[in-house]
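Subject: Handing over a structure, with notes

Dear colleague,

I am passing on to you the structure below, and after it I set out what was found. Please read the notes with the structure open beside them.

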Amino acid sequence: MSLLIRNGNIVTDTENYHADILCEGETITAIGERLAAPADAEIVDAAGKYVFPGFIDPHVHIYLPFMGTYAKDDYASASRAALIGGTTTLIEMCCPSRAEEPLEALRLWMGKAEGLSACDYSFHMGVTRFDDAVEAQLRKIVATEGITSFKVFLAYKGAFGIDDTELYHTLKLAAELGVVVTAHCENAQLIAELQAALLAEGKTGPEWHEPSRPMRVEAEGCHHLMTFAELTGASVYVVHTSNRAAAETVLAARARGVDAKIETVIPYLTLDKTYAERPDFEGAKYVMSPPIRDKSQQDYLWAALAAGDIDTVATDHAPFDFEDQKRRLGGSDFTKIPNGIPSVEHRIDLLYTHGVATGRIDLNTFVRCASTTAAKTFGLYPKKGAIAVGCDADLVVYDPDHRSTISVKTQQMNTDYSAFEGWKIAGRSQFVSVRGQAAVRDGEFVGTPGRGQLLRRQPNSK
Ligand code: URP
Ligand code: ZN
Ligand code: ZN
């Protein structure tokens, strides 16, 4: 099986050039001008199109027992949605409850993907408790399961959240093992106090979600993590950064020598808090944590991306239905609205439309923050996140002239709403391959559920 992509404008994190790409089996085997097509080759005409490395979403939730319910996608729907949107690799948060054993949980999460995923995938191992038994299992997970990143929550008190003793020992272990620790940074106690005060005043609607978790609460969480990272020597990655105060807290630590990366997510770049203030409970569609912020934060986030201060753009895809989950569970109390916004399908198109097409970021930054830096940070590079001989043939032929409109009626994600209903999109992933095999042709899914592979990764040598 071979694939020849002809005449594309190849864009990586550092280069732009015209060439053909030949893929044989699962790998890129040649890049050059006027390459000869093997007899069995599928030929894709990429004239006038960009050819990008397959995009990587390093922060998604697919199987997620959370806030009294379960996220709505499975790997069939989520990987299909991801691929249609140009994302060829997903890294999911494996989020056990405190009572669950990590190894058992990891097997459960792996089992949800196996046989269903059409794209490649890996996991960040959630550490939601830390004791001797957990430590022994985490050592095994890193050494034998190829999972070399952890996830901790400084929020969600009484659920996924860990205390400072647990945080300290998780980071110490991660530093020893060469594992990156991804972290949800918000101060859990401040949130609990602010939520209680708002509810006591009868403020129960989704518009009170943001005031219950103001930007300082997130910046405080970042400051906390940075202090612990500095004193343990751990490498950390702050997920879903929503605002300037939080990002600058991490940047200050980076300037002191802390190995810290910053992720933002597509909802923060495109939505603002007025969406969560929409009447008739409509605002609940936009409840996620940290909350979407004042519009003024968007300019900072885009500029920080362009400057390389923010490293990655993920989704934090966390799909819950509006009617049967958000309204039913949180209709009379905003603290019970399942947190999350579905967006794995539209990250790349939204980033292209609102970032590249508006001139806020250039094409190389686009590839860097949506693919290459995630690959480098999480031990997938250069198999993923690059276009070069020997790389996995995960490729996206992107048509910048295509125009469409987002709608729940046409989306692949398994939710009853889109947070971006009616939004106009400039650009489309016209052809997508996963390890040399077509997964999208003419914007339509043609992939194979179950072909996606678990990507086993190596720890960083320290
Ligand atoms: O609101 C969010 N972010 N939901 C998913 C869970 C998490 O915190 O990442
Ligand atoms: Zn989170
Ligand atoms: Zn998340």
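In which loop does F281 lie? Before the answer, please keep in mind that this is a predicted model. F281 is placed in the loop between α9 and α10, and it counts as buried because its relative accessibility is 10%, under the 20% cut-off.

Backbone features

F281 also has an unusual entry in its backbone angles, since its phi is near 70°, a positive value in a residue other than glycine. As background, most residues other than glycine have a negative phi, and most peptide bonds are trans. N7, which is not a glycine either, has a positive phi of about 65°; this residue sits in strand β1 (residues 2–11), and with a relative accessible area of 44% N7 is partly exposed.

Two cis peptide bonds are also worth finding on the model. One runs from S289 to P290, with omega near -10°, and P290 has its place in the loop between α9 (266–270) and α10. Another joins Y381 and P382, where omega is about 5°, and P382 is in the loop between α13 (363–377) and β16 (395–405).

The zinc ions

The zinc ion (ligand 2) is coordinated by H184 through ND1 and by H240 through NE2, at 2.0 to 2.1 Å. H184 lies in strand β12 (residues 180–184) and H240 in the loop between β13 (235–238) and α8 (244–255), so this pair ties together parts that are 56 residues apart in sequence. Both donor residues are buried, H184 at 1% relative accessibility and H240 at 2%. The site of the zinc ion (ligand 2) has 4 donor atoms, and with angles of 56 to 150° among them it is irregular.

The zinc ion (ligand 3) has as its protein donors H59 (NE2), H61 (NE2) and D316 (OD), which lie 2.0 to 2.1 Å from it. Why is the arrangement around the zinc ion (ligand 3) irregular? Its 4 donor atoms subtend angles of 86 to 139°, and the arrangement is not counted as tetrahedral because that would require all angles to lie between 85 and 135 degrees. In sequence, the donor residues of the zinc ion (ligand 3) follow the spacing H-x1-H-x254-D. H59, in strand β6 (residues 55–60), and D316, in the loop between β15 (312–314) and α11 (322–330), link distant parts of the chain, 257 residues apart. H59 counts as buried at 0% relative accessibility, as does D316 at 8%. The zinc ion (ligand 3) and the zinc ion (ligand 2) are separated by 3.8 Å.

Ligand 1

Several of these zinc donors reappear around ligand 1, whose surrounding residues include H59, H61, H184, H240 and D316, together with Y156, M288, S289 and N339. In the side chain of H61, an N or O atom is 3.1 Å from an oxygen atom of ligand 1, and for the side chain of H184 the corresponding distance to an oxygen atom of ligand 1 is 3.0 Å. A polar backbone atom of N339 is 3.1 Å from a nitrogen atom of the ligand. Taken alone, ligand 1 exposes 260 Å², and the protein buries 100% of that.

Three residues elsewhere

T312 is found in strand β15 and is buried, with a relative accessible area of 0%. Its side chain makes a polar contact with the side chain of Y237, at 2.7 Å, and among the other residues in contact with T312 are I262, E263, T264 and C369.

Q298 belongs to helix α10 (residues 296–307) and counts as buried at 4% relative accessibility. Apart from residues up to four places away in sequence, Q298 touches Y268, L269, T270, L271 and D272.

L103 is part of helix α2 (residues 102–113), and its relative accessible area of 13% makes it buried. Leaving aside neighbours within four places in sequence, L103 is in contact with Q137, K140, I141 and E145. From C-alpha to C-alpha, L103 and V134 are 8.7 Å apart in space, and in sequence they are 31 residues apart.

With best regards

Note on methods. Residues numbered from 1 in each chain as written. Chains lettered and ligands numbered in written order. Predicted model: local features only at pLDDT ≥ 70, side-chain atom pairs only at ≥ 80, totals over all residues. Heavy atoms only, no water. Helix = DSSP H or I, 4+ residues; strand = E, 2+ residues; numbered from the N terminus. Buried < 20%, exposed > 50% of the residue type's maximum accessible area, 1.4 Å probe, protein only. Contact = heavy atoms within 4.5 Å. Donors = N, O, S within 2.8 Å, 3.2 Å for Na, K, Ca; no water. Tetrahedral: all angles 85-135°; square planar, octahedral: opposite > 155°, others 65-115°. Near = heavy atom within 4 Å. Polar contact = N/O pair within 3.5 Å; in protein donor to acceptor, adjacent residues only side chain to side chain. Areas by Shrake-Rupley, 256 points an atom, 1.4 Å probe, with all protein chains shown as cover.
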